[in-house]
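I opened this notebook to keep track of what I looked up, one topic at a time. The entries go from the whole chain down to single residues.

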Amino acid sequence: GISPLSGNPNVTTSVTITGENFIERIPGMPNRIQVLIDGIQLEDENKQFLSSNKLRIYMPKSQPGAAHIVVTNPDGQSSQEDVVYIYNVPPKVTSISPGSGTIGTEITLKGENFIKEILDKFIGVTVGGVAVDKDKIEFADSTKIQFPVPKSQQFGAVPIIVTNPDGQSSPPVVTFTYNPGPTVRSIFPDSGRLAGGTKITI
């Protein structure tokens with residue numbers, strides 16, 4: 001298998017390949033172990049032999065989509081499993097509605113490249129660093145999610161960050177403003193007639 005399963009196509013990403021029977025060199029043979037991405041051989045500086053069951057490679061920049069990985073030992077034998085790395089563009093939040101409220105306010109985020117699930121990992125959201133309960137995130141599609149804002153330790157504007165299951169996060173450019181609720185400090189007078197009509201100052 002590989003970890004991570006996906007990454008940003010615009011950057012070089014370190015990926016660990018795990019398996020069995022990897023051979024770095026065979027005496028008398030000129031070739032070293034090779035890793036091919038969609039049939040194109042990685043340069044030696046972009047791969048590391050860690051052990052007979054682990055390699056580290058650096059996925060080159062590419063276009064969004066799937067890339068197939070094949071490991072070939074110096075004796076010419078190649079892996080047969082269909083190992084796929086996905087080039088995913090990071091999520092991007094473009095708008096929020098409403099932009100302010102109190103704890104529990106239901107908000108809608110719109111943006112790009114939201115991914116609900118990859119294997120057993122799910123999309124995540126933080127509001128001011130506080131994680132939203134994953135069970136409360138309603139995934140509409142790759143451009144829209146909804147959820148109630150969690151509790152906060154502060155009032156004012158805080159950043160919202162969406163993290164896809166592949167670990168890529170949106171930049172903290174969109175904020176939600178926690179509005180303080182009303183607070184009653186005193187009333188005067190604090191008593192009056194049963195018949196009502198007493199004027200009080202809050």
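My entries on this structure follow.

**Entry 1, the whole chain.** I note at the start that I am working with a predicted model. I looked up the secondary structure of the protein chain, and I found zero helices and 20 strands. I then turned to the radius of gyration, which is 27 Å for the protein chain, whereas the globule rule gives 17 Å for 202 residues; the value is well over that figure, so I record the chain as more spread out than a compact globule. I also wrote down the span of the C-alpha trace along its principal axes, which is about 105 × 30 × 25 Å.

**Entry 2, surface, contacts and charges.** I checked burial next, and 31% of the 202 residues of the protein chain count as buried. For the accessible surface of the protein chain I have about 12,300 Å², with 51% of it belonging to carbon and sulfur atoms. Among the contacts in the protein chain with a separation of 6 or more, I found that 57% are between residues 24 or more positions apart. I looked up the charges as well: there are 17 positive and 19 negative ones in the protein chain, and their mean positions lie 14 Å apart.

**Entry 3, aromatic rings.** How many aromatic pairs does the count come to? I found two aromatic pairs, counting rings whose centres lie within 6.5 Å. In one of them, the rings of Y85 and Y87 have centres 5.1 Å apart and planes at 80 degrees, and since planes over 60 degrees apart count as edge-to-face, I entered the pair as edge-to-face. Y85 is buried, with a relative accessible area of 0%, and Y87 is buried too, at 4%. For F176 and Y178 the ring centres are 5.2 Å apart and the planes stand at 85 degrees, so I entered this pair as edge-to-face as well. F176 counts as buried at 0% relative accessibility, and Y178 is buried with a relative accessible area of 3%.

**Entry 4, S100 and its contacts.** I looked up S100, which is found in strand β11, a strand made of residues 100–101. Is S100 buried, exposed or partly exposed? At 33% relative accessibility S100 counts as partly exposed, because this value falls between the cut-offs of 20% and 50%. Leaving aside neighbours within four places in sequence, I found S100 in contact with T105, F176, T177 and N179. The C-alpha atoms of S100 and T177 are separated by 4.4 Å, although these residues are 77 residues apart along the chain.

Conventions
Residues numbered from 1 in each chain as written. Predicted model: local features only at pLDDT ≥ 70, side-chain atom pairs only at ≥ 80, totals over all residues. Heavy atoms only, no water. Phe/Tyr/Trp six-rings, centres within 6.5 Å; stacked < 30°, edge-to-face > 60°. Buried < 20%, exposed > 50% of the residue type's maximum accessible area, 1.4 Å probe, protein only. Helix = DSSP H or I, 4+ residues; strand = E, 2+ residues; numbered from the N terminus. Rg over C-alpha atoms; globule rule 2.2 N^0.38 Å. Contact = heavy atoms within 4.5 Å. Areas by Shrake-Rupley, 256 points an atom, 1.4 Å probe, with all protein chains shown as cover. Lys, Arg positive; Asp, Glu negative; His and termini not counted. Charge placed at Lys NZ, Arg CZ, Asp CG, Glu CD.
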